[in-house]
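Welcome to this tour. Open your viewer, keep the selection tool at hand, and follow along stop by stop.

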Amino acid sequence: MEYQIETEIAVIEAILFLENEPVTTENLIQISQLSEDVVEAALEALKERYTDPTCGLELVQITGGWALSPKKELWSVLKERYGKQNGGKLSKSAMETLSIIAYQQPITRAEIEAIRGVSADNMVRLLIERNLICEKGRKDIPGKPVQYGTTKEFLKFFGLSSIADLPKLDETESERFELAR
């Protein structure tokens, strides 16, 4: 029986290794042909296995799916060669614009510009091209401007499970991101 569960854990681990994107529990069940109980037990066993300090990986939940990822404390050593895999660094202006959108979403281009104090056209276009933000509807005011918000790709880029995992802003930072009303 122990051999059987070890094999099932190995199957789930191999699937997570081979998939390029985070895999939901439902997809793990479908791919592995294992029961939900077995898949969940395997995920728990893998989480436990990867807590060993000699292990360089951890099992993380990103955008509702499971993935193997280097432990956060190793990134200082790994980042120069491996960096972020979806296209490299963002400029300071792009990061500032993305931060405003992440913390204030949904937000219009005019609202972004009111906070930044400069035009946001190029940065919004770049962030859309990088699939870090997308249109989230229109604001119910005259002219019905487009509102922007972050995407699943944003969550993956920063290794977040949900937008609620963003670092909390202190009072000074929070005031900087507020719109003058």
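Which helix gives the most to the negative patch? Before hunting for it, please keep in mind that this is a predicted model.

**Stop 1: the negative patch**

Select Glu 26, Glu 36, Asp 37 and Glu 40, and show their side chains. Together they gather on the surface as a patch of negative charge. Now colour residues 36-49, which form helix H3. Here is the reply to the opening question: helix H3 gives the most to the patch, with three residues. Glu 26 lies in helix H2, so colour residues 25-32 as well. With a relative accessible area of 57%, Glu 26 is exposed, because exposed means over 50%.

**Stop 2: the whole chain**

Zoom out and switch to a cartoon view. You can look for nine helices and five strands in the protein chain. Starting at the N terminus, trace the elements in this order: α-α-α-β-β-α-α-β-α-α-β-β-α-α. The protein chain has 181 residues, and 32% of them count as buried. Turn on the surface, and you are looking at about 11,600 Å² that the chain exposes. Carbon and sulfur atoms supply 52% of that area. How does the chain meet itself? Among contacts between residues at least 6 apart in sequence, 49% join residues at least 24 apart.

**Stop 3: a bridge between helices H1 and H3**

Side chains of opposite charge can pair when their charged atoms come close. In this model, the count comes to nine salt bridges. Select Glu 13 and Arg 49 to see one of them, where the closest N and O atoms are 3.2 Å apart. Glu 13 sits in helix H1 (residues 2-18) and Arg 49 in helix H3, so this pair ties together parts that are 36 residues apart in sequence. Are these partners buried, exposed or partly exposed? Glu 13 counts as partly exposed at 22% relative accessibility, and Arg 49 is partly exposed too, with a relative accessible area of 32%.

**Stop 4: a bridge between helices H5 and H6**

Next, select Glu 96 and Arg 116. Their salt bridge brings the closest N and O atoms to 3.0 Å apart. Glu 96 belongs to helix H5 (residues 92-104) and Arg 116 to helix H6 (residues 109-116), so the pair ties together parts that are 20 residues apart in sequence. Check how each partner is covered: Glu 96 is partly exposed, with a relative accessible area of 23%, whereas Arg 116, at 15% relative accessibility, counts as buried.

**Stop 5: Lys 144, Asp 140 and a network**

Move on to Lys 144 and Asp 140, whose side chains meet in a salt bridge at 2.6 Å, N to O. Lys 144 counts as partly exposed at 42% relative accessibility, while Asp 140 counts as exposed at 66%. Then go back to Glu 13 and Arg 49, and add Glu 6 to your selection: salt bridges that share partners join these three residues into one network.

**Stop 6: inside, at Thr 108**

For the last stop, select Thr 108 in strand S3 (residues 107-108). Is Thr 108 buried or exposed? Its relative accessible area is 3%, so Thr 108 is buried. Which residues surround it, leaving aside neighbours within four places in sequence? Show Lys 139, Pro 145, Val 146 and Gln 147, and you have the residues in contact with Thr 108.

How values were computed:
Residues are numbered from 1 along each chain as its sequence is written. This is a predicted model: local features need pLDDT of at least 70, side-chain atom pairs count only at pLDDT 80 or more; totals for chains, interfaces and linings use all residues. Side-chain values use heavy atoms; hydrogens and water are left out. Patches are made of residues with over 30% relative accessible area and no salt bridge: like charges are joined within 9 Å, nonpolar side chains (Val, Leu, Ile, Met, Phe, Trp, Tyr) within 5 Å. Accessible areas come from the Shrake-Rupley method with a 1.4 Å probe; for residues, only the protein chains shown count as cover. A salt bridge is a side-chain nitrogen of Lys or Arg within 4 Å of a carboxyl oxygen of Asp or Glu. Lys and Arg count as positive and Asp and Glu as negative; His and the chain ends are not counted. The place of a charge is taken as NZ of Lys, CZ of Arg, CG of Asp or CD of Glu. Helices (H or I, at least four residues) and strands (E, at least two) are DSSP runs, numbered from the N terminus. Buried means under 20% relative accessible area, exposed over 50%, partly exposed in between (1.4 Å probe, protein chains only). Contact means heavy atoms within 4.5 Å.
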